[in-house]
Amino acid sequence: MTHQNLDLRVWLEQMAELGELATVDQPVDPDEEMGAITYLLGRTPGMPAVHFTHPRHPGVGTTQYGARHLWNPIGGSWKRVALTLGLPPESAPLEVIRDLKGKLGRRIPPTVLPADQAPVLQNSLTGDQVDLTQWPFPKHWPQDGGRYAGTYDIAMCRGYDGGPVNVGTYRMMVHGPRETGIMIASGTDTWAHMQAAWARGEPLQIAAAWGVHPLFIAVGGSNFPIEVSEYEFLGGLLGQPVATTTAPLTGLTIPAFAEFVVEGEIAPGAFREEGPFGEYTAYYSEKEERFPVVTVKAVHFRDKPVFTNALLGFPPSNEEQTFDSAMRAARIWSELDLLGAKGVTGVYCPPSAAAGWGMTVVSVKQRFPGHAKQILTLAGNVPGGSHYTKWVILVDDDVDPSSLEEVTWAMAVRCPPAQRIMIEQGTWNNTLDPAMDPSRSRLVSSRAFIDATKDFEYGNDYRRCLISKAMYEQVAQRWSELGLSGPVPPGGLFDGDDAIGP
């Protein structure tokens, strides 16, 4: 079987040809200036990805090795999500999510290329040659605690039992020439592998890629089962193996076409204050939280490496919001299918809801009394939908879950709050939630379930105001004759389509 290189440089060329990339050739300061430009561009129509070719930095990373930066590769663009997945650029959000859902069940292990076929190993520095302060890593926001090498990155480690390589996305702040922090949250696979290594008195061997194709982030930011490598899920999305290679020092499997990779270890008990950092909630993380420290022993990089960066914060200038929300919705929908939940017609996690983490909307074709409550509670508690989620909303299949205009209409006309809103206590959360108890003594929150569906058991006499299909077809035929410009708008639902029941 042929393999997929997942080369960021090919992706950059494709986006440039399609007008989806803004290239800045003038010198730009990595300290806040790149972030400010990306933030402002993210609020403009089209919101392109941003390629900075000349970081203003005196270190050898710029002067000798020609390092460059790519900021917010996807941003708020559903068009770039579709293009990255090989779908038509005009694909609607639910079409993208449905396509992802259909591919999540596939597993294809990666191909391991020899070192001489892996561009990431073109250049290597080891031991005292490593000095991360010589590279133009950026400071994103005014109150960030330092420069962040890893924000659009993946970290790789292996379980103590020699199991599959885990791939996760974690922010990584530069502490010094050979040290970085890594924000590993409890409950993640990397945390479990680290604790297992420490319990044996051993350091955790780890590698991190700081310049990667967007699809690596799509799987690295998802919480897949610990017994299966994210590389296999990525192969499933691609329909063929992804190209990897073996890291020389740790022996870990790393992307063969990554731009820049570090290898090192996390020694037992190695923690240090890290942050704050402007996060996906549009707030800074807690000041000086303690997170593990990676001692970097080697770096490998391509000629003129491209560092990938995710500016987070307030939407729509939030890199995580679109692809993360698409992957999350696809996983929730897939897990509902695996559980045998019937009648689900769509799942959507609004990108503006803390990059999709804070809200899940599900549409259902009701089939029996109690069906709505079953789907509602499952959607908030499947593995892909349980972390951080504060709002789970259920609507009927005559409502598009990806249209907040339609969803809020359903909430306003179909949901009697006293009977249709449930609150669940003690739900899984993390320290990035600004609404948590300030003491942070318990990493739990609460979740609201809102049933905005029609009452299946009792029904009602109300009917939606909808045009008939025959009249739509009549008007569509006369559209040009009537002097109306543009294509005929889709009719959507027609009279009688809102009937409840099977």
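These are my notes on the overall build and the nonpolar cores of one protein chain.

**Entry 1, the model.** I'm working from a predicted model, so local features need pLDDT of at least 70. I looked up the secondary structure first and got 13 helices and 22 strands for the protein chain.

**Entry 2, size.** I checked the radius of gyration against the globule rule. For 502 residues a compact globule would come out near 23 Å, and the chain has 24 Å, so the two agree. Along the principal axes, the C-alpha atoms fill a box of roughly 75 × 55 × 50 Å.

**Entry 3, contacts and burial.** I took the contacts with a separation of 6 or more and found that 73% of them join residues 24 or more positions apart. Then I looked at burial: 56% of the 502 residues count as buried.

**Entry 4, the cores.** Nonpolar side chains tend to be buried together in soluble globular proteins, so I went looking for cores here. The largest nonpolar core has 88 residues, and Ile-97 and Met-156 touch the most other members. Helix 9 (residues 321–338) gives this core its largest share, eight residues. I followed Ile-97 further: leaving out residues up to four places away in sequence, Ile-97 touches Trp-78, Ala-326, Ala-329, Ala-330, Trp-333, Val-347 and Tyr-348. Another core, of 30 residues, lies apart from the largest one, and its members include Leu-125, Cys-157, Ile-182 and Ala-197.

**Entry 5, surface and charge.** I get about 21000 Å² exposed on the chain, with carbon and sulfur atoms supplying 53% of it. I also compared the charge centres: the mean positions of the 40 positive and 57 negative charges are 2 Å apart.

Note on methods:
Residues are numbered from 1 along each chain as its sequence is written. This is a predicted model: local features need pLDDT of at least 70, side-chain atom pairs count only at pLDDT 80 or more; totals for chains, interfaces and linings use all residues. Side-chain values use heavy atoms; hydrogens and water are left out. A nonpolar core is a set of buried Ala, Val, Leu, Ile, Met, Phe, Trp, Tyr and Cys residues joined through side-chain atoms within 4.5 Å. Buried means under 20% relative accessible area, exposed over 50%, partly exposed in between (1.4 Å probe, protein chains only). Helices (H or I, at least four residues) and strands (E, at least two) are DSSP runs, numbered from the N terminus. Contact means heavy atoms within 4.5 Å. The radius of gyration is taken over C-alpha atoms; the globule rule is 2.2 Å times the number of residues to the power 0.38. Accessible areas come from the Shrake-Rupley method with a 1.4 Å probe; for residues, only the protein chains shown count as cover. Lys and Arg count as positive and Asp and Glu as negative; His and the chain ends are not counted. The place of a charge is taken as NZ of Lys, CZ of Arg, CG of Asp or CD of Glu.
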